[in-house]
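User: I would like to learn how to read contacts, burial and enclosed space in a structure. Could we begin with one residue and work outwards?

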Amino acid sequence: PQGGVSFQGGITPHFSLVSELYFIMKGGKLESNNPLTGDKSTLRLYTIELPLLARYHFGKFYVNAGPSLAYNISGKMKSGESSTTLSFTNSTDGFKRLDAGVQVGAGYTFRVKQRQIALDVRYSYGLTNISYDQEVYNRYLNINIHFFKPWKTNPLAKNGR
């Protein structure tokens, strides 16, 4: 799950910059004999993420790409019946709080009554090893629905025009 806010600032009619700030749960299921444990397990990271994307519009379709910074707030690993809170210290079983990556994706905007909605599909490629003793990277496919309302005037322009 993910929730947050975003701001899209138009540079030209076809190009804009998008800044987002959201809370996201990352992780997945790990098979037996994975780098973190010998058992089947589930890894969960609770993260605040801040991507800054360049977006190019083709009518109702768009493509976007850009860097992303993340801060891992907490996490858990569940293996069998036991659950362990992740350590964010420089130790053999510790994880790093800061994460950096690149996001690329595409979307489609449409109207439902008075609301504008965007269906956004994005891939995030983690560049930072988030473990102190293993090779662990955050890489995921994300499908989002954005509800948004355009500004009637440009809030960054002088006199609101």
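Analyst: Let us begin with Asn144, which, once its neighbours within four places in sequence are set aside, is in contact with Gln2, Ala118, Leu119 and Asp120; contact here means heavy atoms within 4.5 Å. This is a predicted model, in which local features need pLDDT of at least 70 and side-chain atom pairs count only at pLDDT 80 or more, while totals for chains, interfaces and linings use all residues. Residues are numbered from 1 along each chain as its sequence is written, and side-chain values use heavy atoms, with hydrogens and water left out.

User: Which residue shares a polar contact with the side chain of Asn144?

Analyst: A polar contact is a pair of N or O atoms within 3.5 Å; within protein, one must be able to donate a hydrogen and the other to accept it, and residues adjacent in sequence count only if both atoms are side-chain atoms. In this model the side chains of Asn144 and Gln2 are joined by such a contact, of 3.4 Å.

User: Is Asn144 buried or exposed, and in which strand does Asn144 lie?

Analyst: Buried means under 20% relative accessible area, exposed over 50%, and partly exposed in between (1.4 Å probe, protein chains only). Asn144 counts as buried because its relative accessibility is 10%, and Asn144 lies in strand S8, residues 139-148. Strands (E, at least two residues) and helices (H or I, at least four) are DSSP runs, numbered from the N terminus.

User: How many helices and strands does the protein have?

Analyst: The count is zero helices and eight strands. Of the 161 residues, 32% count as buried, and among contacts with a separation of 6 or more, 55% are between residues 24 or more positions apart.

User: What does Gly105 touch beyond residues up to four places away in sequence?

Analyst: Gly105, found in strand S6 (residues 98-112), touches Tyr62, Val63, Asn64, Val121 and Arg122 when those residues are not counted. Tyr62 is 43 residues apart from Gly105 along the chain, and their C-alpha atoms are separated by 8.5 Å. Gly105 counts as buried because its relative accessibility is 19%.

User: How should I read empty space, and how many cavities of 30 Å³ or more does the structure hold?

Analyst: Rolling a probe the size of a water molecule over the atoms shows where empty space is left. On a 1 Å grid over the protein atoms alone, a cavity is a set of points where a 1.4 Å probe fits but cannot get out, and a pocket is an open set with protein on both sides within 12 Å along at least five of seven lines; lining residues have an atom within 4 Å of a point. Grid points are joined across faces, edges and corners, and a volume is the space filled by probe spheres set on the points. The structure holds one cavity of 30 Å³ or more, and the largest cavity has a volume of about 50 Å³.

User: Which element gives the largest share of the lining of that cavity?

Analyst: The largest share, three residues, comes from S6, and the residues that line the largest cavity include Lys26, Glu49 and Asn138.

User: What can be said of the second largest pocket?

Analyst: About 400 Å³ of space lies in the second largest pocket. Its lining has 22 residues, of which Lys26, Gly27, Gly28, Asn138 and Arg139 lie nearest its centre, and S2 gives the largest share, seven residues.
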